[in-house]
Amino acid sequence: GTTPVNIRGEPILSRTGGWVAAFFIFGNEMAERMAYFGLSVNMVIFMFKVMHRPFASSANAVNNFLGISQASSVLGGFLADAYLGRYWTIAIFTTMYLLGLIALTVSASVPALVPPQEGCDKLAMLLGACAPAAPWQMAYLQTALYVTALGAAGIRPCVSSFGADQFDERSPEYKRRLDRFFNLFYLAVTLGAIAAFTAVVYIQMQHGWAAAFGTLALAMGTSNALFFVGTPLYRHRLPGGSPLTRVAQVLVAAFRKRDAAFDSGDFVGLYEVAGAKSAIRGSAKIDHTDDFRWLDKAALQLEGAGDEENPWRLCTVTQVEEVKILLRLLPVPACTVMLSVVLTEFLTLSVQQAYTLNTRVAALHLPVTCMPVFPCLAIFLILALYYQTFAPLARRLTGHPHGASQLQRVGLGLFFSILSVAWAGLFERYRRGYAVRHGYLGLFLTPMPDLSAYWLLIQYCLIGVAEVFCLVALLEFLYQEAPDAMRSVGSAYAAVAGGLGCFVASAINTAVDAATRDDEEGRPSWLAQNINVGRFDYLYWLLAVLSTVNLLIFVFFAKRYKYR
C-alpha cells in the first residue's frame with residue numbers, strides 16, 4: 001500500500017524521485033515564501049499609506065491574512081491525503097495563489113481601486129485626515145488577499161511532504177537524506193524570505209507598489225512552470241481516502257462500544273484484516289500500542305456481532321492507531337504556537353521600533369522594511385554551517401547520530417525564542433528612555449541619529465536561531481511520525497500552529513490594548529500608535545513569561561513521548 005507510483009497511478013519501475021525531483025519542488029516553495037513574506041512586510045504599509053487604514057487596523061488585517069493562510073492549511077492536507085494526492089493539490093492551489101497575486105497587482109495598478117491620494121502627506125496620514133478607501137475598494141483588496149491566502153493554505157502542508165516522498169524509504173541512507181532534505185527545504189524558505197525583504201522592498205521603493213506585487217506574481221508564475229516541467233520525475237503516494245472520515249469512524253465505533261469490556265466472554269480480539277497489506281490504501285499496517293485504551297474499543301471484535309462490514313461499528317487496529325498517533329503528536333505543534341506569536345509580533349512591532357532608529361551604517365542606508373532580512377540571514381548562515389558546526393559538536397555531547405533528536409531541537413528553538421523576546425524587552429526599555437531623555441517623545445516617525453537600528457540584530461539573530469532549531473525539526477518530526485496515509489495532515493499541524501500564532505498575537509494585542517488604555521485618566525495603551533508613549537517593553541516581557549511557561553509545558557510532553 002505504500003509503493004510509490006507515477007502520475008497515472010502505476011507502480012514505478014524506472015528511476016524517479018531523488019534530489020533532482022526535490023529541487024524542482026524547492027523552487028515552488030521558494031517562490032511561495034517570497035510571496036508570503038513579501039505581502040506580510042509590504043501589505044501593512046500598503047494599507048496604511050495607500051488605502052489609508054489606521055496602522056493598528058492594517059497590522060491586524062495582515063495578521064488575520066497570515067493566520068488564515070496557515071490555519072486553513074488543514075484543508076490542503078485533507079484534500080491531498082483523501083482524494084487528490086499531493087501533486088494535484090499543489091497544482092490546483094498554486095494556480096489559485098498566482099491568480100490572487102495577479103489580482104493584488106491589478107489593485108495597485110488601477111487608480112479606481114484605491115482612494116484618492118491628493119493632499120495626503122505624512123502629517124495628514126498621521127492625523128487620519130486622508131480620504132478613506134470605499135467599502136467596495138476594501139472588499140476587492142480583501143478578496144484578492146484571501147484568494148492568495150487560500151492558495152497558500154493548499155500548498156503549505158503538501159510541498160514539504162511531497163518533497164520528502166521523493167526519497168526511497170527502503171534505502172539505508174533514507175533517514176540521513178530526509179534530515180538533509182528538511183534542512184535544505186527550510187533553506188529554500190529562507191532564500192524566498194531574503195528575496196522578499198530585499199529585492200521586493202527595493203522594487204517597491206524604486207518602482208512602486210504595482211511593480212512590487214507584479215514581481216511576486218512573476219516569481220510565482222515562473223516557479224509554477226518549473227514545478228510542472230518536473231512532472232515526469234516525481235514519485236507519488238496514492239491518496240488513502242478521507243482521513244477525517246476514518247477518524248470519525250474510530251470515535252463513533254469507540255463510543256458505541258463504550259460499555260463493552262475487554263475481559264467479557266464475548267471478546268474475540270482486536271480486529272485487523274488478514275495478510276501483509278493494510279485495509280487503508282497508501283498505508284502499511286501499524287502495530288498496536290497500549291496508549292488511549294478507550295479508543296481500542298473501536299477495534300473490539302465481539303462474538304456474533306457481525307460488524308466486519310460496517311466501519312462505523314468496527315475499525316481495524318491500524319485505523320485506531322492512526323487516531324492515536326494524531327493525538328500523541330498534537331502537543332508538540334501546539335507548543336510551537338507561542339514561537340509563532342513571537343515571530344508575528346516581531347514582524348510588526350520591530351518595524352515600528354526601526355522607524356525611530358538610525359538605519360544607516362557608513363554609506364549604507366537600509367530601508368526600515370528590510371530589517372526583517374536579518375533573522376533570515378542568520379537562518380541561512382546557521383543552516384549552511386549546521387553539518388560542519390552544530391551537528392558534530394552536539395553528536396559528541398549527546399551521542400545522537402544527528403546531533404540531537406527532533407524534540408530536543410524543537411525545545412532548543414523554544415529556549416532561544418525566550419532569549420530573543422527578553423532581549424527585545426530590555427532594548428525597547430532603553431530605546432524608549434533614550435527617546436524621552438532626548439526630546440523625541442512626540443516624534444515617533446523621526447529616526448534618532450545617535451541610536452542605531454542595528455541593536456535590533458541581536459533579537460533578530462536569536463529568533464533566527466530559534467526558527468532553525470524549532471521549525472525545521474518540527475517539519476521532520478511530523479513527517480516521520482505521522483501515519484503513512486496522513487502525512488499531509490501531519491505537516492498541516494505545523495502550518496495550523498503558525499496560523500494560530502497569528503490569531504493569538506492579534507488576540508493578545510487586542511486584550512493588552514483594552515486592559516492598559518484608560519482614556520478618562522489619559523493613560524495610553526502599551527500599544528499606542530506613538531511607540532515612544534506606549535510600552536512595547538512590557539508587552540515583550542509578557543511574551544517572555546508566556547514563552548517560558550510554554551517551554552515548561554513542552555518539556556513535560558516531550559519527556560513522555562515515545563518515537564514510532
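**Figure 1. The side chain of T356 and its polar partners.** In this predicted model, a polar atom of the T356 side chain lies 2.8 Å from the backbone oxygen of Q353. A second partner is R431: its side chain and that of T356 are joined by a polar contact of 3.1 Å. T356 sits in the loop between helix 11 and strand 3 (357-358). Is T356 buried or exposed? T356 is buried, because its relative accessible area is 0%, and the cut-off for buried is under 20%. Setting aside neighbours within four places in sequence, the contacts of T356 are R431, F444, T446, P447, M448, I531 and N532. R431 thus appears both in the polar contact and in the contact list.

**Figure 2. The largest cavity.** The structure holds 3 cavities of 30 Å³ or more. The largest cavity contains about 710 Å³ of space. How many residues line the largest cavity? Its lining has 37 residues. R33, F37, Y186, E467 and L471 are the ones nearest the centre of the largest cavity. By class, the lining of the largest cavity divides into 25 nonpolar, 8 polar and 4 charged residues.

**Figure 3. Helices and domains around the largest cavity.** Which helices each supply at least two residues of the lining of the largest cavity? From the N-terminal part of the chain numbering they include helix 1 (18-49), helix 2 (55-71), helix 5 (135-164) and helix 6 (174-207). Helix 11 (337-355), helix 12 (373-385), helix 15 (456-481) and helix 16 (487-516) are also among them. At the domain level, domain 1 (4-237) and domain 3 (325-560) each give at least three residues to the lining of the largest cavity.

**Figure 4. The second largest cavity.** This cavity holds about 60 Å³ of space. Its lining consists of S40, V41, V44, I45, F55, L347, T348 and V351. Helix 1 and helix 11 each supply at least two of the lining residues of the second largest cavity. Helix 1 gives the most, with 4 residues. The classes are 6 nonpolar, 2 polar and no charged residues. Where does the second largest cavity lie with respect to domain 1 and domain 3? It lies between them, because both domain 1 (4-237) and domain 3 (325-560) give residues to its lining.

**Figure 5. I68 on helix 2.** I68 is placed in helix 2. I68 counts as partly exposed because its relative accessible area is 33%, and the partly exposed class lies between the cut-offs of 20% and 50%. Which residues does I68 touch, not counting residues up to four places away in sequence? They are Y146, A149, A153 and F503. I68 and A153 are 85 residues apart in sequence. In space, their C-alpha atoms are 7.7 Å apart.

**Figure 6. Q204 on helix 6.** Q204 lies in helix 6. Its relative accessibility is 15%, so Q204 counts as buried. Beyond residues up to four places away in sequence, Q204 touches N42, W209 and A212. How many residues apart in sequence are Q204 and N310? They are 106 residues apart in sequence, and 59 Å apart in space from C-alpha to C-alpha.

**Figure 7. Domain 2 and domain 3.** The domain assignment of the protein chain gives domain 1 (4-237), domain 2 (243-318) and domain 3 (325-560). Taken over C-alpha atoms, the centres of domain 2 and domain 3 are separated by 43 Å. The contact takes 13 residues from domain 2 and 8 residues from domain 3.

**Figure 8. E321 on helix 9.** E321 lies in helix 9 (residues 317-329). Is E321 buried or exposed? Its relative accessibility is 0%, so E321 counts as buried. Not counting residues up to four places away in sequence, E321 touches I286, D287, H288, T289, D296 and R328.

**Figure 9. The backbone at F292.** F292 is found in the loop between strand 1 (267-270) and strand 2 (300-302). Its phi is near 45 degrees, a positive value in a residue other than glycine. Most residues other than glycine have a negative phi. With a relative accessible area of 30%, F292 is partly exposed.

How values were computed:
Residues numbered from 1 in each chain as written. Predicted model: local features only at pLDDT ≥ 70, side-chain atom pairs only at ≥ 80, totals over all residues. Heavy atoms only, no water. 1 Å grid on protein atoms, 1.4 Å probe; cavity = no way out; pocket = protein on both sides within 12 Å on 5 of 7 lines; lining within 4 Å. Points joined across faces, edges and corners; volume = space filled by probe spheres on them. Nonpolar A, V, L, I, M, F, W, Y, C, P; charged D, E, K, R; others polar. Domains from an automatic or database assignment. Buried < 20%, exposed > 50% of the residue type's maximum accessible area, 1.4 Å probe, protein only. Polar contact = N/O pair within 3.5 Å; in protein donor to acceptor, adjacent residues only side chain to side chain. Contact = heavy atoms within 4.5 Å.
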